[in-house]
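Biologist: I should like to go through this model term by term and hear the grounds for each description. Please set each value against its criterion before concluding.

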Amino acid sequence: MTIKLGIAPIAWTNDDMPELGKENTFEQCVSEMALAGYTGTEIGNRYPKNPEELKSYLEPRGLSVASAWFSAFLTTKPFEETKEDFILHRDFLHAMGAKVIVVSEQGHSVQGQMETPVFDKKPKFSEEEWKKLTDGLEKLGELANERDMSIVYHHHMGTGVQTTDEINRLMAETDPKKVSLLYDTGHLVFSGEDPIEVYQTHKDRIKHIHFKDIRKEKMEEVKTNSFSFLKGVKEGVFTVPGDGMIDFTPIWQEIEKDGYEGWIVVEAEQDPAKANPFIYAKNAREYINSVTKL
């Protein structure tokens, strides 16, 4: 596999805030993805749950499935509960031809809470919770390996694995054969991390990439006003590459130099009533081409 370029449906319809994009249909979403020049998609809640039905929409449009988000609760629930849900998720993605499974620990997460400040109330795991997390992720990794797949851990705003130190600890305390990393430019910059440093440190573990940009003035508003993650999204803190503060040229240079193979997925959750998803997807595609020649 060389590098493939996909886009997430969250710009069209937001799974966490269904009121955003409720007017946009699944068919519109995947048609506009293809029209904007992408060859892959991650999966949203409005996508058909039957693999053959989903393929009947994606294949004529030249789209394939890059991955899909899985919420783990390894720190707050018995492992068996997460395992049961994970196996169903794994088998669906395997049927769709995906090679990686995006996993994020949602135990104690504040990312889905509309009134909880994302910076002030960010969770921190206890030593016992770290042990549950790392052991549980390795078990999920073993289950993924059974299908010749990998889990890629999604560091995320408002969760217990957000900062550089937390990412470093997670990688240090898990087996590289069982746990890989999703590299998300937007979440790193939003959190105040150095995306180049994180890439260089963990390049051997990175098997999936999200290209997301940040509007600097909106990020400052989130911090100053103690906004929640969801409030920040509604206010427009995220945008597509080329429309925000992140310079993707040095990031791309690291990716290219490293010989990365896999998906790069554009992901920018915005209010589609304010940011037309097709126009932004097309603009992002043009910007990425100018930087990467992909």
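Biologist: Which residues of α3 meet which residues of α4?

Modeller: In this predicted model, Phe-79, Thr-82, Lys-83, Phe-86, Ile-87 and Arg-90 of α3 meet Gly-136, Lys-139, Leu-140, Leu-143 and Ala-144 of α4. Contact here requires heavy atoms within 4.5 Å. By class, this contact comprises 6 nonpolar, 2 polar and 3 charged residues.

Biologist: What makes α3 roughly parallel to α4?

Modeller: Helix α3 (residues 79-95) packs against helix α4 (residues 127-145) at an angle of about 30°, and their axes are 11 Å apart. Angles under 35 degrees count as roughly parallel, and α3 is therefore described as roughly parallel to α4. The crossing of α3 and α4 is right-handed.

Biologist: Where does α4 lie with respect to the strands?

Modeller: Helix α4 lies across β5 (100-105), β6 (150-154) and β7 (179-184), and runs at about 145° to β6.

Biologist: Why are α7 and α10 called roughly parallel to each other?

Modeller: The axes of helix α7 (residues 195-202) and helix α10 (residues 248-258) cross at roughly 10° and come within 10 Å. The limit for the term is under 35 degrees, so α7 and α10 qualify as roughly parallel. The contact has 6 nonpolar, 1 polar and 2 charged residues. On the α7 side it involves Pro-195, Ile-196, Tyr-199 and Gln-200; on the α10 side, Pro-250, Ile-251, Glu-254, Ile-255 and Asp-258.

Biologist: Why, then, are α10 and α11 called oblique to each other?

Modeller: The axes of α10 and helix α11 (residues 277-292) cross at roughly 60° and come within 9 Å. Roughly parallel would require an angle under 35 degrees, and roughly perpendicular one of 65 to 115. The pair α10 and α11 is therefore oblique. Phe-248, Thr-249 and Trp-252 of α10 make this contact with Tyr-287, Val-291 and Thr-292 of α11. By class, there are 4 nonpolar, 2 polar and no charged residues in the contact of α10 with α11. The crossing of α10 past α11 is right-handed.

Biologist: What makes β3 and β4 the edge strands of the sheet?

Modeller: The open sheet has 9 strands in the order β3-β2-β1-β11-β8-β7-β6-β5-β4, with parallel pairing. Strands β3 (64-67) and β4 (69-72) each pair on one side only, and they are the edge strands. On average, neighbouring strands in this sheet are turned by 35° against each other, direction ignored.

Biologist: How do you know that β1 and β11 pair?

Modeller: Pairing requires at least two bridges between two strands. Strand β1 (residues 3-7) and strand β11 (residues 262-266) share 5 bridges in the parallel sense, and the two therefore count as paired. One of the bridges joins Ile-3 to Gly-262 in β11.

Biologist: Which residues does the UniProt annotation "domain: Xylose isomerase-like TIM barrel" cover?

Modeller: According to the unreviewed UniProt entry, the annotation covers residues 33-276. That span is 40% helix and 18% strand, and its end C-alpha atoms lie 12 Å apart.

Key
Residues are numbered from 1 along each chain as its sequence is written. This is a predicted model: local features need pLDDT of at least 70, side-chain atom pairs count only at pLDDT 80 or more; totals for chains, interfaces and linings use all residues. Side-chain values use heavy atoms; hydrogens and water are left out. Axes are lines fitted to C-alpha atoms, for helices over the stretch in contact, and angles run from 0 to 180 degrees between N-to-C directions. Helices (H or I, at least four residues) and strands (E, at least two) are DSSP runs, numbered from the N terminus. Angles under 35 degrees count as roughly parallel, over 145 as roughly antiparallel, 65 to 115 as roughly perpendicular and the rest as oblique. A crossing is left-handed if the near helix is turned anticlockwise from the far one by less than a right angle, and right-handed if clockwise. Ala, Val, Leu, Ile, Met, Phe, Trp, Tyr, Cys and Pro count as nonpolar, Asp, Glu, Lys and Arg as charged, and the others, Gly among them, as polar. UniProt positions are given in the numbering used here, feature names are shortened, and annotations may be inferred rather than shown by experiment.
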